[in-house]
Amino acid sequence: MQAKKRFGQNFLTDKKLLEDLVNLINVASNDRVLEIGPGKGDLTKILVNICDSYFGIELDKDLLIFLKKKFPKNINAFIGGDILKLNPSEIYASKEFRVIGNIPYNISSPILDWCEKHYEKILDMHFMLQKEFALRCAGNEKTSSYGRLSVICNYLYEVTILKEVSKEFFNPEPKVDSLFVRFYPKKKKVNQKELHNLKKVTRALFNKKRKKISNSLEDILHKESIKKLNLNLNLRPDELSLNEFLQISALVKDDG
Ligand code: SAM
C-alpha cells in the first residue's frame, strides 16, 4: 500500500526499534492504551500482545480496513476517524489511559491541544515528533529552542526526550529528523485560570521575542503590578524561567 502524504504517513517497521520504543514506554498488561494512527500496525502488533485494553484511531479508511483484517481478534479496537474529534469517554468512559503514537507531524500541535483538553484522563503520552518541535517542547531558558511552546509544555508536563530515531527507519524516509518523547503530566488537575493567564503572558512576551520584557509588560499588566514584580525587566522573554512567567501571570489584567 502506497503511503499517503496528506495523512503524514511515514511508517516504522523495524521490529527491534519498535521493541525498544515499547520498552521505553514501559507498557504493562493492565494499561489502557490509545494509539494515534496505527497505520499498518507494526507498533500495534507489539502493543496488543502486551496490553489487554488497546484502542487505535486511524483516519485513513484503507488502512482501517487493512488493520481490521490484520488483527481479526481486535476488530473492535480500531476506530475510523480523526483523533482531534475523538471523545475519549466513548472508549474509556471516565477511566485514565495512556496515549502513544508515531503521529503525523503536521498535526503535532493540535494533538497536544487535544491532550491538554483531556489532561485529567491522560496518564502519559509518548510521541514520535519532528526533532525541532520536540526540542521546543522540551526547551528551557538555557536552550536555544526555548519559546512559548516550551513554557506551556513545562507547565503541564515533565517532557523527556527518550530516543533519537534516524530517518532511515521510516518508510518513506522523511526529510526531517525525529525524536521519541515522553510527556508526563505534572498535575492532577489544571488550574484553568492560571493556564489561561500563562498563555496570555507568553503570547504577549514572545510576540516581541527580541525585546526586553519591559516593552511588552504594559500590554498585559497594570503599571502598579509591574512595580510589584521581583524581576529584572531588562531580560528578554527567552531568559525567563517558568516560575518567572508564573509570577507575571499571577498579576495579569483581567480580560473581563
Ligand atoms: N503508527 C504507524 C507507524 O508507526 O508505522 C503509522 C505512523 S504515520 C507517521 C501516521 C498515521 O496517522 C498514519 O497511519 C495516518 O494515516 C494516521 N493519521 C493521520 N492523521 C490522523 C488523524 N487526524 N487521526 C488519526 N490518525 C491519523
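What follows is a friendly chat about the ligand, the pockets and two backbone details of a predicted model.

Colleague: Which residues are closest to the ligand?
Modeller: Keep in mind that we are looking at a predicted model. A residue joins the shell if one of its heavy atoms lies within 4 Å of the ligand, and 22 residues surround the ligand. The closest are Leu12, Gly37, Glu58, Asp82 and Asn102.

Colleague: How far is an oxygen atom of the ligand from an N or O atom in the side chain of glutamate 58?
Modeller: A polar contact needs a pair of N or O atoms within 3.5 Å. The side chain of glutamine 9 has an N or O atom 2.9 Å from an oxygen atom of the ligand. For the side chain of glutamate 58, the distance from an N or O atom to an oxygen atom of the ligand is 2.5 Å.

Colleague: Which residue has a polar side-chain atom 2.8 Å from a nitrogen atom of the ligand?
Modeller: Here we look for a nitrogen atom on the ligand and a polar atom on a side chain. The side chain that reaches 2.8 Å from that nitrogen is the one of aspartate 82.

Colleague: How much of the ligand's accessible area does the protein cover?
Modeller: Start with the ligand on its own, which has 590 Å² of accessible area. Then put the protein around it, and the share of that area covered is 97%.

Colleague: Which elements give two or more residues to the shell around the ligand?
Modeller: By class, the shell holds eleven nonpolar, seven polar and four charged residues. Now sort the shell by element instead. Those that give two or more residues are β1 (11–12) and β3 (53–58).

Colleague: What is the volume of the largest pocket?
Modeller: The ligand helps you find it, as the space taken by the ligand is the largest pocket. Its lining counts 41 residues, and Phe7, Gly8, Gln9, Asn10 and Pro104 lie nearest its centre. β1, β2 (32–36), α2 (42–50) and β3 each supply at least two residues of this lining. The volume of the largest pocket is about 910 Å³.

Colleague: Which element gives the most to the lining of the second largest pocket?
Modeller: This pocket holds about 250 Å³ of space, and its lining includes Ser109, Arg136 and Lys199. Two elements each supply at least two lining residues, α5 (108–117) and α7 (148–156). With five residues, the one that gives the most is α7.

Colleague: How many charged residues are in the lining of the second largest pocket?
Modeller: Divide the lining by class and you find six nonpolar residues and one polar residue. The remaining class is the charged one, and its count is five.

Colleague: Where does the largest share of the lining of the largest cavity come from?
Modeller: The count comes to one cavity of 30 Å³ or more, and about 30 Å³ of space lies in the largest cavity. Leu21, Ile25, Leu43, Ile100, Gly101, Asn102, Met128 and Phe180 line this cavity, with two or more of them from each of α1 (15–25) and β5 (97–102). The largest share, three residues, comes from β5.

Colleague: How many charged residues line the largest cavity?
Modeller: Sorting the lining by class gives six nonpolar and two polar residues. The number of charged residues is none.

Colleague: What is omega for the peptide bond from asparagine 171 to proline 172?
Modeller: Look in the loop between β8 (170–171) and β9 (178–185), where proline 172 is found. The bond from asparagine 171 to this proline is cis. Its omega is near -5°.

Colleague: Which residue in the loop between α1 and β2 has phi near 65°?
Modeller: We want a positive phi in a residue other than glycine. In the loop between α1 and β2, the residue that fits, with phi near 65°, is asparagine 26.

Methods:
Residues are numbered from 1 along each chain as its sequence is written. This is a predicted model: local features need pLDDT of at least 70, side-chain atom pairs count only at pLDDT 80 or more; totals for chains, interfaces and linings use all residues. Side-chain values use heavy atoms; hydrogens and water are left out. A polar contact is a pair of N or O atoms within 3.5 Å; within protein, one must be able to donate a hydrogen and the other to accept it, and residues adjacent in sequence count only if both atoms are side-chain atoms. Accessible areas come from the Shrake-Rupley method with a 1.4 Å probe; for residues, only the protein chains shown count as cover. On a 1 Å grid over the protein atoms alone, a cavity is a set of points where a 1.4 Å probe fits but cannot get out, and a pocket is an open set with protein on both sides within 12 Å along at least five of seven lines; lining residues have an atom within 4 Å of a point. A molecule sits in a cavity or pocket if more than half of its atoms lie within 2 Å of its grid points. Helices (H or I, at least four residues) and strands (E, at least two) are DSSP runs, numbered from the N terminus. Ala, Val, Leu, Ile, Met, Phe, Trp, Tyr, Cys and Pro count as nonpolar, Asp, Glu, Lys and Arg as charged, and the others, Gly among them, as polar. Grid points are joined across faces, edges and corners, and a volume is the space filled by probe spheres set on the points.
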